[in-house]
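Okay, everyone, thanks for coming. Let me put the structure up, and we'll walk through it together.

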Amino acid sequence: MDVRRRLPAVDTLLAHPAVAAARARHGHRLVRRAVRQTLDEARQQLAADQKTSESVDGDALANAAIERLTELARPASRAVFNLTGTVIHTNLGRSTLAEAAITAMADAARHPMALEYDLDDGGRGDRDRLVEDLLCELTGAEAATVVNNNAGAVLLALGALGAGREALISRGELIEIGGAFRMPDIMQAAGCRLREVGATNRTHPRDFESAIGEHTGLIVKAHTSNYAITGFTKSVPEPTLAEIAHAHGVPLLVDLGSGALADFTALGLPYEAQPNDAIAAGADVVTFSGDKLLGGPQAGIIVGRREAIATIKRHPLKRALRLDKLTLAALEATLRLYRDSDAPERDIPTLALLTRPEAEIAATGERLLPHVSSLLSDFEVTLAPCASQLGSGSLPVDRLPSRALTWRPRAEQRRQRERQLHRLEGALRQLPRPVIGRIGDGALHLDLRCLAGEAEIAIFIGQLEQLPRLYGAAPPGDTP
């Protein structure tokens, strides 16, 4: 007799006590889907094995259905532990939001809001008004607008101010950042004609003076936020560029990339250019990101002179790139913290992580070390000094002293050590809340800078007992 005939019917497996209990939690529709997929997979496996006499274990099928249900119910957007050593990690969502921003987003999601409605006169309003006054107050700009990200901000500003004309930029600032954002390509997409000025390592004011002409639409300065040119270098400062641009009647666009609203040097961090400095230097338009050093939601922020911002807002792309109400609510709340908080470095998580004392990180490591040191016999685990980086193209050279749980394989052969490291890396990713570290120097490092707060540490410790099973090793004390 074909053993596949012994597989239970869908309704029979649904009635299994374990599956029935899962139906109470997840609902009939999703559980039925998991049961169907489990039975289909079992049927295909039995056919491949060509078995005709083996019995079918109903309990095993129920457990398999529940495992499948867990996979189906697990959202694709999952929280992870970012222990990579990169604080603002693009692949992990960049900045985490302040509680005030999260509350504002939740309120905006639950209720209608005055997004493009003027409560004073009852007429149609401008959604930019939610953040424009705050941005002007914080940067010293005359006007401001916001779009979906900084790439969109640069594209929009270039298209509005320089389409059909030349855009002058130093050769040393023809940046490329992650996701194939290249300044020459953005200029071309915006309809500008790229005009390179100076040399890769040295550009002088006379280079701009000699290049500017009747076809020039604007001068562009892009901060090299994700790399550094060192040695025999020279660049033209923003005040000088502004003088040259205005003397010839063209605007100066400064792309800061990250853009910080806090004085980083006052916080004990490396210097980072601020929008208010570029505005004070005479820039007509300044663009920067909302979800990098600012510590807010993904947004492209454009501040500058009133006439230039008005021109940008009239461009057809403005509507295509505009922000939704949730992002605007989060951005407004974040900006209010910069304006009103007595300690933004405490209330804005990104700043709190960047300024976290090394001694506090070390204390977290000492607390965690006993929980991990004997988990896997294949590894020696130590607490070692390391250096965190800011990330997302921000201050690429500068590092912050930190501590890492370092897992070093005990195997003698190099290939075996590499296999063990990648096996461990994969097991950490399979934890209920995945742990993302980095492999380097023959070890796996879990930088603890971003593991802060009692609740987070408790979750991290609580799931460690699952690691031996996921790694495939016998639990400590057992004989393999």
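Let's start with a quick one: which residue is the bridge partner of Val220 in S8? It's Leu253. Before I go on, keep in mind that this is a predicted model.

So, where does that pair sit? Val220 and Leu253 are bridge partners between strand S7, residues 216-222, and strand S8, residues 252-257, and these two strands run parallel, with four bridges joining them. Both strands belong to an open sheet of seven strands, and if you walk across the sheet you read S2, S10, S9, S8, S7, S3, S6. The pairing in there is mixed. At the edges you find S2, residues 143-147, and S6, residues 193-197, each of which pairs on one side only. From one strand to the next, the twist averages 25°.

Now zoom in on the S2 edge. S2 and S10 are antiparallel, with five bridges between them, and Thr145 stands opposite Ile302 of S10. Is S2 buried or exposed, given that each edge strand pairs on one side only? Five of the five residues of S2 are buried, so the strand is largely enclosed by the rest of the structure. You can see that on both faces: Ala143, Thr145 and Val147 point one way, Ala144 and Val146 point the other way, and all are buried. Helix H6, residues 129-139, lies across S2, along with S9 (285-289) and S10 (300-304), and the helix runs at about 120° to S2.

Stay with S9 and S10 for a second, and look at the loop between them. That's where Lys292 lies. The UniProt record, which is an unreviewed entry, places "modified residue: N6-(pyridoxal phosphate)lysine" at Lys292. And the side chain isn't out in the open: Lys292 has a relative accessible area of 5%, so it counts as buried.

Okay, next sheet. This one is open too, but with four strands, in the order S11-S12-S15-S14, and the pairing is antiparallel. Its edge strands are S11 (379-388) and S14 (438-440), each pairing on one side only. The twist here averages 35° from one strand to the next. S11 and S12 (residues 400-409) are antiparallel and share ten bridges, and the partner of Val381 in S12 is Trp407. There's a helix over this sheet as well: H18, residues 414-429, lies across S11, S12, S14 and S15 (443-447), at about 30° to S15.

Cysteines, briefly. How many disulfides does the structure hold? Zero. Take Cys386: the nearest cysteine sulfur is that of Cys450, and it is 11 Å away, so with a cut-off of 2.5 Å for a disulfide, Cys386 is in none. Cys386 is buried, at 16% relative accessibility, and Cys136 is buried too, with a relative accessible area of 16%.

Last topic, salt bridges. A search of the whole structure turns up 27, and I've picked three to show you.

Number one is Arg124 with Glu116, at 3.0 Å from N to O. Arg124 is exposed, at 67% relative accessibility, while Glu116 is partly exposed at 22%. That pair isn't on its own, either: Glu116, Arg124, Arg127 and Arg322 are linked in a network of salt bridges.

Number two is Arg356 with Glu360, where the closest N and O atoms are 2.9 Å apart. Here the arginine is the hidden partner: Arg356 is buried, at 7% relative accessibility, and Glu360 is partly exposed, at 39%.

Number three takes us back to the four-stranded sheet. Glu358 and Arg403 meet through their side chains at 2.5 Å, N to O. Why does this pair tie together parts that are 45 residues apart in sequence? Because Glu358 lies in helix H17, residues 358-372, and Arg403 lies in strand S12. Glu358 itself is partly exposed, with a relative accessible area of 33%.

So, if you want places to start clicking: Lys292 in the loop between S9 and S10, the enclosed edge strand S2, and the salt bridge from Glu358 to Arg403. That's it from me, happy to rotate the view for anyone.

Definitions and conventions:
Residues numbered from 1 in each chain as written. Predicted model: local features only at pLDDT ≥ 70, side-chain atom pairs only at ≥ 80, totals over all residues. Heavy atoms only, no water. Pairing = 2+ DSSP bridges. Axes fitted to C-alpha atoms, helices over the stretch in contact; angles between N-to-C directions. Contact = heavy atoms within 4.5 Å. UniProt positions renumbered as here; feature names shortened; annotations may be inferred. Buried < 20%, exposed > 50% of the residue type's maximum accessible area, 1.4 Å probe, protein only.
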